[in-house]
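Please work through the exercises below with the sequence and the model open side by side. Each task is followed by a solution that goes step by step.

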Amino acid sequence: MFKFVSNRACGYLSPEIRNISTKSSLIDTNKYLGDLLKLGRIDEAREVFDEMPKRDKFTYNTMLTGYANSGKLVEARRLFDDTPTKSAITWSSLISGYCKMGWEIESFYLFYEMQYEGYKPSQFTLGSILRLCSIKGLFSRGEQMHCYSVKTSFDMDVFVITSLIDLYAKCLRLVEAEYLFRGMSKGKNHVTWTAMLNGYSLNGDAIGAIECFRGMRAEGIEANQYTFPGVLAACAADSDLGFGAQVHSCIVHGGFGANVFVQSALVDMYTKCGDLCSARKVVDSMEFNDAISWNAMTVGYVRQGFPEKALSLFTKMHEKNMELDEFTYPSVLNSIALMKDMKNGKCLHSLIIKSGFESYTLVSNALIDMYAKINNLDCAYKIFNFTAEKDVISWTSLITGYAHNGCHLEALKVFCKMRLDGTDPDRFVAASILSSCAELALLNIGQQVHANSLKTALDTSLSVNNSLVSLYANCGCLEHAKKVFNSMEIRNVISWTALIVGYAQNGKGIKSLQFYEKMVASGINPDYITFIGLLFACSHGGFIERGRYYFSSMVKDHGIKPGPDHYACMIDLLSRSGKMQEAEDLLNKMPVEPDATIWKALLAACRVHKNIDLAKKAAKALFELEPQDAAPYVLLSNIYSSIGKWDEAASVRRLMKSKGVGKEPGRSWIEMNGKVHAFMSEDRSHLNAEEIYLKVDEMIMKIKEVGYVPDMNFALHDINEENKERGLAYHGEKLAVAFGLLNVSIGAPIRIYKNIRVCGDCHNAMKFISRVYDRYIILRDSNCFHHFKEGMCSCGDYW
DNA sequence: CTAGGGTTAG
């Protein structure tokens with residue numbers, strides 16, 4: 001499809017040079033010497049130089065430049081010292097050699113020594129020094145050189161200005177670069193244009209770079225192999241496939257299609273614009289198997305969701321005996337992580353060890369990530385420990401690895417270690433750890449991370465802010481969540497979904513739906529998870545018609561196929577509002593097999609509506625789907641006991657015991673001054689247990705006076721009434737609220753967290769407590785939030 | 001005057 005014209009340099013020898021060996025003048029020999037050096041035949045040049053009977057200053061300068069350009073600086077220095085009559089050019093040649101090798105101290109020393117000795121640096125010397133500053137990021141040094149060039153009137157020289165433009169652009173001071181560029185009325189050459197173009201590209205100004213390319217062509221300046229990679233990178237950043245393809249055609253016309261830099265930039269542009277086919281055509285057309293292009297292609301396959309193709313490309317690279325580098329492995333490891341291919345993962349790991357790339361932080365980071373993603377945290381941790389030079393990404397990979405496997409506490413511990421280790425969080429790890437804090441509902445710690453990210457300017461990051469919204473929403477602080485959301489300059493579907501889910505969980509279903517409408521109005525499309533939030537809002541608010549509407553709109557208007565989560569919400573919505581038959585019908589006509597979440601929703605509704613037949617069916621399905629989960633046993637047993645069938649309840653409990661299923665014990669906790677105070681039912685392990693129990697007794701007495709009646713349905717042991725009532729009084733959430741009344745200052749909300757659903761009697765008691773003690777109580781259980789205020793709950797008793 | 005990579009959020 002594409003035609004490439006080779007533009008690679010080919011050797012030449014002019015006729016005058018070929019017959020030089022016999023007899024020649026000094027001028028001819030000097031020229032011959034120069035040509036040999038230009039072709040990189042430095043050893044032959046040295047022989048010629050050594051055998052020359054007579055040498056002049058051109059001979060010395062030519063040889064010195066040759067040494068300097070090929071990086072032979074020791075030889076260059078020796079020759080410099082041996083040069084009988086030095087000129088400014090002698091100095092300049094050596095300095096340019098040092099600059100090219102990045103030897104800062106030597107370069108600057110020579111630059112000053114030269115002036116001390118009375119030689120005036122030329123614009124070329126200045127250019128070399130400026131180039132050094134730009135490579136090394138020595139911005140203030142570069143600025144000094146800028147001043148020097150003004151003083152010496154070299155600031156009108158194209159070479160110097162071009163170097164300055166490059167310097168300012170590399171130091172991310174695009175304004176200065178632009179100023180200099182605009183100030184050049186004429187005389188801009190292709191290097192100047194290219195420097196400016198690459199400056200835009202580097203500074204993330206894709207439009208600027210593309211405009212620059214257009215301007216350059218408008219002035220009739222030809223682009224070259226240095227220009228194309230920059231403009232292609234801009235097309236990639238802007239996802240401008242159309243313009244990228246036009247540039248490709250310019251490249252072919254200009255005869256630059258066989259340059260590896262240009263080719264790899266083309267591959268990169270096509271993959272980033274999503275045109276994998278064209279990218280692959282470029283790769284396949286290449287004469288030279290360039291690892292960089294193949295690497296870019298591999299990344300493209302992984303990013304667009306074709307991990308198998310990435311892996312097969314890697315196999316091909318391996319078969320071709322291509323020289324792999326540390327950039328090759330991460331994307332391959334990534335594709336293995338996507339496929340959860342443990343076997344190939346192990347193979348690749350041993351290959352990495354064999355080829356010695358394990359010591360590259362880049363590679364070991366990708367290994368940590370891969371093992372974490374295929375749920376092998378032990379291996380991930382081992383590699384992390386063996387990583388000699390850990391960077392913030394090593395820590396992030398491990399931390400998110402723990403988080404994604406549900407080990408949020410472990411993630412938090414590693415995060416603390418990271419801080420002690422002296423590594424500063426970046427936006428990635430901040431977003432990740434904030435979401436772990438949200439998951440654990442650790443408001444205090446989350447706020448510390450928030451404060452820290454304000455200090456380090458991470459609060460401009462979209463993902464950090466998204467995490468903050470869900471942190472505050474997950475801790476019941478909707479005002480804070482809203483505040484963060486309002487402060488955001490850019491919002492995406494994740495930001496809106498976090499808010500929608502947050503408001504829904506906190507019992508503000510109507511607001512939640514309003515946010516959805518606002519989101520759609522602002523032109524952002526909902527996705528799979530947005531609809532889970534919406535349907536959750538409907539089921540918790542009891543908005544049956546709304547729920548039905550969104551469920552059908554999801555498919556009709558947005559082309560999203562409902563998944564198990566959506567069906568679970570719908571079945572929850574129908575069954576909770578008592579439409580058990582309709583729920584069962586939906587269950588039967590679902591295109592996918594119902595999963596555990598769906599059965600659990602149904603079972604929970606059976607608990608409320610005391611539908612024993614359906615409950616038995618749901619529980620049976622759950623026993624098979626998740627044999628180790630205690631929840632269905634407990635729910636079924638609770639349903640039996642709530643209708644007084646104690647024998648059946650007990651037999652379910654026995655069944656559970658015989659299968660060796662352990663119930664997750666109910667736990668309620670309050671976080672205070674960075675410490676967590678946890679309470680189980682009838683728990684006396686707290687240091688101030690006595691005081692807390694006294695407070696509970698007082699609490700129960702006071703609320704009974706205003707109408708609280710203990711609901712024995714939630715006392716689930718078949719024991720006598722008086723003991724039942726006492727057991728009920730000392731449920732974990734009641735102990736926690738007593739602790740809160742004693743320790744949380746007046747006016748501040750009492751925040752209680754519970755790992756399982758709140759008990760119905762406790763829910764009722766909380767309403768009375770909030771009124772009698774005039775306190776704001778926020779209780780988050782495993783299902784949603786309950787904001788108790790003045791005797792009412794935000795869930796409207798519908799949960 | 002020029003290229004490729006790994007980590008994030010609901």
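The exercises that follow treat the DNA strand, the nonpolar cores, the sheet and three single residues.

This is a predicted model, in which local features need pLDDT of at least 70 and side-chain atom pairs count only at pLDDT 80 or more, while totals for chains, interfaces and linings use all residues. Residues are numbered from 1 along each chain as its sequence is written, chains are lettered from A and ligands numbered from 1 in the order in which they are written, and side-chain values use heavy atoms, with hydrogens and water left out.

**Exercise 1. The surroundings of the DNA**

Task: Determine how many residues surround DNA strand B and which polar atoms approach its bases.

Solution. Begin with the criterion, by which a residue is near a strand if one of its heavy atoms lies within 4 Å of it. DNA strand B is surrounded by 46 residues, and the closest are Arg-131, Asp-325, Leu-362, Asn-365 and Ser-463. Next, sort this surface by class, where Ala, Val, Leu, Ile, Met, Phe, Trp, Tyr, Cys and Pro count as nonpolar, Asp, Glu, Lys and Arg as charged, and the others, Gly among them, as polar; the result is 16 nonpolar, 19 polar and 11 charged residues. Helix α28 (residues 462-474) supplies the largest share, 5 residues, helices (H or I, at least four residues) and strands (E, at least two) being DSSP runs numbered from the N terminus. On the DNA side, sugar or phosphate accounts for 42% of the atoms of strand B within 4 Å of the protein, and bases account for the rest.

Finally, list the approaches to the bases. An N or O atom in the side chain of Ser-463 is 2.2 Å from a base oxygen of DNA strand B, and an N or O atom in the side chain of Asn-295 is 3.1 Å from a base nitrogen. For Gln-225 a polar backbone atom takes this place, at 3.1 Å from a base oxygen.

**Exercise 2. The nonpolar cores**

Task: Identify the residues with the most contacts inside the largest nonpolar core, and examine Leu-348.

Solution. A nonpolar core is a set of buried Ala, Val, Leu, Ile, Met, Phe, Trp, Tyr and Cys residues joined through side-chain atoms within 4.5 Å, and buried means under 20% relative accessible area, exposed over 50%, and partly exposed in between (1.4 Å probe, protein chains only). The largest such core has 218 residues, and Phe-228, Val-247, Tyr-329, Leu-348 and Ile-399 have the most contacts inside it. If neighbours within four places in sequence are set aside, Leu-348 is in contact (heavy atoms within 4.5 Å) with Phe-314, Tyr-329, Val-332, Leu-333 and Ile-336. A second, separate core has 35 residues, including Met-672, Val-696, Met-699 and Ala-738.

**Exercise 3. The sheet around β5**

Task: Establish the strand order of the open sheet, and then explain why β5 is described as largely enclosed.

Solution. Two strands pair if DSSP finds at least two bridges between them. The open sheet has 6 strands in the order β2-β1-β3-β4-β5-β6, with mixed pairing. Its edge strands are β2 (675-679) and β6, each of which pairs on one side only.

Now follow the pairings. Strand β3 (residues 750-754) runs parallel to β4 with 4 bridges, and Ile-752 has Leu-779 as its bridge partner in β4. Strand β4 (residues 777-780) pairs with β5 in the antiparallel sense over 4 bridges, with Phe-785 as the partner of Arg-780 and Phe-788 as the partner of Ile-777; a hairpin through 4 residues joins these strands. Strand β5 is in turn joined by 2 bridges to the antiparallel β6 (residues 792-793), in a hairpin with 2 residues between them, where Glu-790 in the turn has a positive phi of about 45 degrees.

Last, consider burial. Because 4 of the 5 residues of β5 (residues 785-789) are buried, this strand is largely enclosed by the rest of the structure. In β4, Ile-777 and Leu-779 point one way and Ile-778 and Arg-780 the other way, and all are buried.

**Exercise 4. Three single residues**

Task: Decide whether Ser-163 is buried or exposed, and do likewise for Tyr-528 and Gly-796.

Solution. Ser-163, found in helix α10 (residues 158-170), counts as buried at 11% relative accessibility, and beyond residues up to four places away in sequence Ser-163 touches Gly-127 and Leu-130. Tyr-528 lies in helix α32 (residues 528-541) and is partly exposed, with a relative accessible area of 31%. Gly-796, in the segment after β6, is exposed at 53%; Gly-796 and His-540 are 256 residues apart in sequence, yet 9.3 Å apart in space, C-alpha to C-alpha.

Key: Polar contact = N/O pair within 3.5 Å; in protein donor to acceptor, adjacent residues only side chain to side chain.
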